[in-house]
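Here is a short tour for anyone who likes to look at a structure with the numbers close at hand. Please keep the viewer open while you read.

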Amino acid sequence: MIIFDEKEKIFKIDTENTSYVMGVIDEKYLVHIYYGKKLSGTHLAYLLDMDKEELSEIHINYGEKSSFLDRLPMEYPTSGMGDFRQSCIEVAQDIGKYGVELYYDSYEIIDGKPELEGLPSTFGDDVQTLCINLKDDILKLEVELRYSVFAGNDAVMRSAVISNCGDKPLYLDKVLSACVELGYGQNEYITLHGSWARERRIDRQRVGFGYHSVESSRGISSHQEHPFMAVVSEGATQETGDVYAMNFVYSGNFVSFIEKSQFGSQRFAMGINPRGFCWKLGAGEKFAAPEVVMVYSDSGLDKMTSTFHDLYREHLIRKSWVYSKRPVLINNWEGTYFDFDEKKIFDIAKEASKHGIEMLVMDDGWFGKRNDDRTSLGDWFVNEEKLKGGLKKLVDNVNSLGMKFGIWFEPEMISPESELYKKHPDWAVHIEGREPGQVRNQLVLDLSRREVIEYVYESVASILRQANIEYVKWDMNRPFTDIGSSELDADRQGEIMHRHTLAVYELQGRLLKEFPYLLLENCSSGGARFDPGMLYFSPQIWCSDDTDAIERLAIQESTALMYPLSVIGAHVSDCPNHTVGRVTPFKTRGIIAMAGTFGYELDVTKIPEEDRDMIASQVETYKKYCPLIQSGDYYRIASYQNNHYFDCYEIVSKDKKEAILVFVQVIAQPNMHSIRVKLKGLENEAKYKINGTEYDADALMNGGFIIKRPWGDFQAELFHIEKIND
Ligand code: DGJ
């Protein structure tokens, strides 16, 4: 529920368990008052007195305006007027830079949630939105701050829409989407860092004075840093402590920061990275800043996780896929790399179909003259030397096995060695006169050009129109460098990367309109674009090129901090693992891939027979537990990233009638025979059965469940837990 208390001059946004409160000071400034556990009343403006003690004189005494602004907990801080902390907005006019000063103007509370033009965002019924209008009359600039809440979920969705109400262009150098002042407590912040094949490792640090940030300027959300930050009270655990988290519904450059000021207050914000960004906003135009999902939990990270999971399942992922059965797929990438022909693909499909696998995905290498990664991106025509008889014939043959067919594209790219580049060298992102730097022998297509967007769309769509293709893996394998477009005006070059992201959204949106049945899986050299923006279009995202089961424990743990297991692309691959050389049991690889979309990535005709013989029962197990994995509450019980020896997690169905518990012994320890793990999320007074033995739920949750430690490293066990009907 959202209200405006006229007397107190406060806005109060209540979710089931949280309250978010803002006020208006001096009838001018919109300030943040409170965010946290749900409050019953609205007598809350007094909370500002702490700052006002110092300021009550000052704020009517403009002889000390900066001291006033630099202390005020601004809801949407601006730059250049006296608040010297980080701002949310910086604007320049054609005659130079101007400070921005936004005064409160008006508000509206609406039932529903307006769309953010061109951008993915959460959707659904039973939602309320508060729109607060702020104005700078000198710049003729309006900012509409939006706050939406869905019934039954604790997240607050934030965004800002900027309007140029004047008759001259404005240049937006910085537009963040959300900001919150977190007061004075001792906090820590959690961020996710990584690299190719080592995505999203959890990092936790103390919030010291000054500015601490994560960001991407690579044009994608990136392997290196993730559009997520959680500020937590000192020592917060999975079950205890305050957690304030933000996650960005955007797939391009981002920044998130926590800044501890001279007075100890902490400003926490997120938005498009201003580095390299400048958007020309013409007279009468609007700019929509992407959505930030903001979550507060008063009881640790588990509750934060369940709020994100529920929100994304109910309000971000396409309804047609979120809880529906996804085909168990086999992808040929690690099985063959570029070395395949139609026979090899068909043989893999044929063998896979015998073991219950339901879809064959043909990865990179089927088009142009692509026999390695040096050529042909952009030449999206079938290589009939490789696929003799053409694509349709292969797809029909695979379909005749009772299997679906999926295909790989990397639509945003161009190889300098390609027909397309010969014809249109200026279609690559480049700076005139400079040789553009290649990554993986390729350049980025300039999607700020309409003709390039159309070319890309037709290239992909015409292949999909040729045959019964039901799945697309949409890959993106390099960051942006040499950023320039030969088409855009000089004062629009700072728009290129945001325009690119918008174009990717447009392309994927159009594709799903023309091919509504399509299962789209986004991918970016593994998981470099694993973010809520992509999730809006594709109900699953390839999580990492590292398919080693043990490495995946860490990657999947941190990915599951916000994202439901049903979206985490996870495959069983062959051993020794191609990325780290580790040998793990096939059973372990299967169990760990089940905490994701579950599939295979190997040449099934070549793996050891005893492994192949396990596939049918793995597929069956996955299908049995799939509804639970897709819709249940996920709990982290132990993390081998912290304890170095074992990992443990649990998934409990919403009705608490069943659960699965996964225990992975990463490194065996001598003379440690068994271990007690405390289960979570069961119905307190109920009884449950595990492996034929009955237990009281409170005993399992407080005393624990005893697991006999297996013999050897890399051993996994999956336990099914079933409620006994009373
Ligand atoms: C990177 C992806 O992450 C891999 O799964 C594979 O599709 C390759 N690209 C193909 O080039």
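What follows covers salt bridges, cavities and a few individual residues of this predicted model.

**Salt bridges**

Side chains of opposite charge can pair when their charged atoms come close. How many salt bridges does the structure hold? There are 60 salt bridges in it. Three of these pairs are set out below.

| Salt bridge | Closest N to O distance |
|---|---|
| Arg204 and Glu188 | 2.8 Å |
| Asp310 and Arg313 | 3.0 Å |
| Arg582 and Glu551 | 3.9 Å |

Let us begin with Arg204 and Glu188, whose side chains form a salt bridge at 2.8 Å, N to O. This pair links distant parts of the chain, with Arg204 in strand E13 (residues 201-206) and Glu188 in strand E12 (residues 187-193), 16 residues apart. Arg204 counts as partly exposed because its relative accessibility is 35%, whereas Glu188 is at 15% and so counts as buried, the cut-off for buried being under 20%.

The next pair, Asp310 and Arg313, sits within helix H3 (residues 300-315); the two are three residues apart there, so about one helical turn separates them. An α-helix has 3.6 residues a turn, so residues three or four places apart point the same way. The closest N and O atoms of Asp310 and Arg313 are 3.0 Å apart. Is each partner buried or partly exposed? Asp310 is partly exposed, at 23% relative accessibility, while Arg313 is buried, with a relative accessible area of 2%.

In the third pair, Arg582 meets Glu551 in a salt bridge with closest N and O atoms 3.9 Å apart. Arg582 belongs to the loop between strand E30 (571-573) and helix H13 (586-593), and Glu551 to helix H12 (residues 549-559), so this salt bridge ties together parts 31 residues apart in sequence. Arg582 has a relative accessible area of 24% and is partly exposed; Glu551, at 14% relative accessibility, counts as buried. There is also a network: Asp83, Arg85, Glu181 and Arg267 are joined into one by salt bridges that share partners.

Helix H13, which borders the loop of Arg582, is mostly covered, as seven of its eight residues are buried. Those buried residues are Phe586, Thr588, Arg589, Gly590, Ile591, Ile592 and Ala593.

**Cavities**

Rolling a probe the size of a water molecule over the atoms shows where empty space is left. Here the count is eight cavities of 30 Å³ or more. The largest cavity has a volume of about 130 Å³. Which residues lie nearest the centre of the largest cavity? Of the 14 residues that line it, those are Tyr29, Met74, Tyr76, Thr78 and Leu102. By character, the lining of the largest cavity divides into nine nonpolar, two polar and three charged residues.

**Three buried residues**

Val91 is found in strand E5 (residues 89-93). Its relative accessible area is 2%, so Val91 is buried. Val91 and Leu172 are 81 residues apart in sequence, yet their C-alpha atoms are 4.7 Å apart in space. If neighbours within four places in sequence are set aside, the contacts of Val91 are Tyr98, Val100, Leu139, Leu141, Leu170, Tyr171 and Leu172.

Tyr640 is in helix H15 (residues 640-643). With a relative accessible area of 15%, Tyr640 is buried. Which residues is Tyr640 in contact with, leaving aside neighbours within four places in sequence? They are Ile550, Leu553, Ala554, Tyr645, Phe646, Asp647 and Val666. For Tyr640 and Val666, 26 residues apart along the chain, the C-alpha atoms are separated by 7.4 Å.

Where is Ser653? Ser653 is in the loop between strand E33 (646-652) and strand E34 (658-665). Although placed in a loop, Ser653 is buried, at a relative accessible area of 10%. Its side chain makes a polar contact of 2.7 Å with the side chain of Asp655. Leaving aside neighbours within four places in sequence, Ser653 is in contact with Leu628, Gly632 and Glu658.

How values were computed: Residues are numbered from 1 along each chain as its sequence is written. This is a predicted model: local features need pLDDT of at least 70, side-chain atom pairs count only at pLDDT 80 or more; totals for chains, interfaces and linings use all residues. Side-chain values use heavy atoms; hydrogens and water are left out. Helices (H or I, at least four residues) and strands (E, at least two) are DSSP runs, numbered from the N terminus. Buried means under 20% relative accessible area, exposed over 50%, partly exposed in between (1.4 Å probe, protein chains only). A polar contact is a pair of N or O atoms within 3.5 Å; within protein, one must be able to donate a hydrogen and the other to accept it, and residues adjacent in sequence count only if both atoms are side-chain atoms. Contact means heavy atoms within 4.5 Å. On a 1 Å grid over the protein atoms alone, a cavity is a set of points where a 1.4 Å probe fits but cannot get out, and a pocket is an open set with protein on both sides within 12 Å along at least five of seven lines; lining residues have an atom within 4 Å of a point. Grid points are joined across faces, edges and corners, and a volume is the space filled by probe spheres set on the points. Ala, Val, Leu, Ile, Met, Phe, Trp, Tyr, Cys and Pro count as nonpolar, Asp, Glu, Lys and Arg as charged, and the others, Gly among them, as polar. A salt bridge is a side-chain nitrogen of Lys or Arg within 4 Å of a carboxyl oxygen of Asp or Glu.
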